[in-house]
Amino acid sequence: MRSLLFALAFLLPTTALAEPIETRKIITALTGDFNGDGAPDLAMVIETEPSDPMDIHFFLRDMEHNYLKPVETVHEQIGGEWNGYDRPGYENSDTEPELTMLSNGSIKFYLPAPPIGSERTNQTLTIAYRNGTFIVAGFAYDSQDYLKENVASACDYNVLTGKGTSSKQQPDGSTKHKTVSAEGRIVAFKDWNSGDAFTACQE
């Protein structure tokens, strides 16, 4: 996987890069048609510093000049575990973000919880390209405490409409479901705050 990403990065014209990218810091990448023009685009998740959130670089295909044009870099919005590539004997992280291309041209970011403590919360963001910028169209999470019984919750809602559903496990083991009804918003990915989303889910 790494070798494939390295080769992909070297195909990018050096003069086109808005910011330098160390190929060994590429965690994962995704190609797909983000803007609906029929040409393949590119997104890459890049490590920053140990314990810090990661960056994501977006490129759109310039069909006239036939190259991938950098259009946006979103800094420190992607959680994940630093893989320690610069330390002897490192092992790959098991909490790296996963990117999936959806049929409607949106990107699904799955952000697994780091293996710290007993309570783990996995998050999923749906990113769409609208009016020249990448926005957060959807948010979901599932949470569980592995050392406590009947402590789990989940939520899935459309950020644009504010509508969705949530659930919370009760002390007796049953699950209580409710409808999420928040104010619909258009939020640029670079301005995303997951705290607002958790608040909307728990109202």
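Buried residues account for 42% of the 203 residues in the protein chain. Keep in mind that this is a predicted model, with the chain averaging a pLDDT of 84 and 82% of the residues scoring at least 70. The chain has two helices and 12 strands, and reading from the N terminus the elements go α-β-β-β-β-β-β-β-β-β-β-β-β-α. Of the contacts between residues at least 6 apart in sequence, 38% join residues at least 24 apart.

**Where to trust the model**

- Confidence bottoms out in helix α1 (residues 2-10), with a mean of 44, and peaks in strand β12 (residues 187-188), at 96.
- Residues 1-7 stay under 50 in pLDDT, and the model gives them 13 contacts beyond four places in sequence.
- Residues 9-17 are also below 50, and that stretch has 14 contacts in the model once near neighbours in sequence are set aside.
- Where pLDDT is low, the predicted coordinates should not be read in detail.

**The four-stranded sheet**

- Four strands make up an open sheet in the order β1-β2-β3-β4, and the pairing is antiparallel.
- β1 (26-32) and β4 (67-78) sit at the edges, each pairing on one side only.
- Ignoring direction, neighbouring strands in this sheet are turned by 15 degrees against each other on average.
- β3 (residues 54-62) and β4 run antiparallel and are joined by eight bridges.
- One residue to look up here is Phe59, whose bridge partner in β4 is Pro70.
- The loop between β3 and β4 holds Asn66, which has a positive phi near 55 degrees despite not being a glycine.
- Asn66 is exposed, at a relative accessible area of 56%.

**The β9-β10-β11 run**

- β9 (residues 152-158) is tied to β10 (residues 163-169) by five bridges, and the two strands run antiparallel.
- Within that pairing, Ala154 stands opposite Ser167 in β10.
- The β9-β10 hairpin has four residues between its strands, and Gly162 there takes a positive phi near 80 degrees.
- β10 also pairs with β11 (residues 175-181), again in the antiparallel sense, over seven bridges.
- Opposite Gly164 you'll find Val180 in β11.
- This second hairpin, β10 with β11, has five residues between the strands, and Gly173 in the turn shows a positive phi of about 95 degrees.
- Just ahead of all this, Asn150 is in the loop between β8 (133-145) and β9.
- Asn150 is another residue other than glycine with a positive phi, near 60 degrees, and it is partly exposed, with a relative accessible area of 26%.
- For context on both Asn cases: most residues other than glycine have a negative phi.

**Nonpolar cores**

- The largest nonpolar core contains 33 residues, of which Phe109, Phe139 and Phe189 touch the most other members.
- Leaving out residues up to four places away in sequence, Phe139 touches Gln123, Thr124, Leu125, Cys155, Asp156, Tyr157, Val159, Trp192, Ala197, Phe198 and Cys201.
- There is also a second, separate core of eight residues, with Ile21, Ala29, Leu42 and Phe59 among them.
- That puts Phe59 in two places in this story: the second core and the bridge to Pro70 in β4.

**The disulfide**

- The count comes to one disulfide.
- The bond is between Cys155 and Cys201, with the sulfur atoms 2.0 Å apart.
- The torsion about the S-S bond is about -80 degrees, so the disulfide is left-handed.
- Cys155 in strand β9 and Cys201 in helix α2 (residues 194-202) are 46 residues apart, so to speak of distant parts of the chain being linked is fair.
- Both Cys155 and Cys201 are buried, and both turn up in the list of residues that Phe139 touches.

Conventions. Residues are numbered from 1 along each chain as its sequence is written. This is a predicted model: local features need pLDDT of at least 70, side-chain atom pairs count only at pLDDT 80 or more; totals for chains, interfaces and linings use all residues. Side-chain values use heavy atoms; hydrogens and water are left out. Two strands pair if DSSP finds at least two bridges between them. Axes are lines fitted to C-alpha atoms, for helices over the stretch in contact, and angles run from 0 to 180 degrees between N-to-C directions. A nonpolar core is a set of buried Ala, Val, Leu, Ile, Met, Phe, Trp, Tyr and Cys residues joined through side-chain atoms within 4.5 Å. Buried means under 20% relative accessible area, exposed over 50%, partly exposed in between (1.4 Å probe, protein chains only). Contact means heavy atoms within 4.5 Å. A disulfide is a pair of cysteine sulfur atoms within 2.5 Å. pLDDT is the predictor's confidence in each residue, from 0 to 100.
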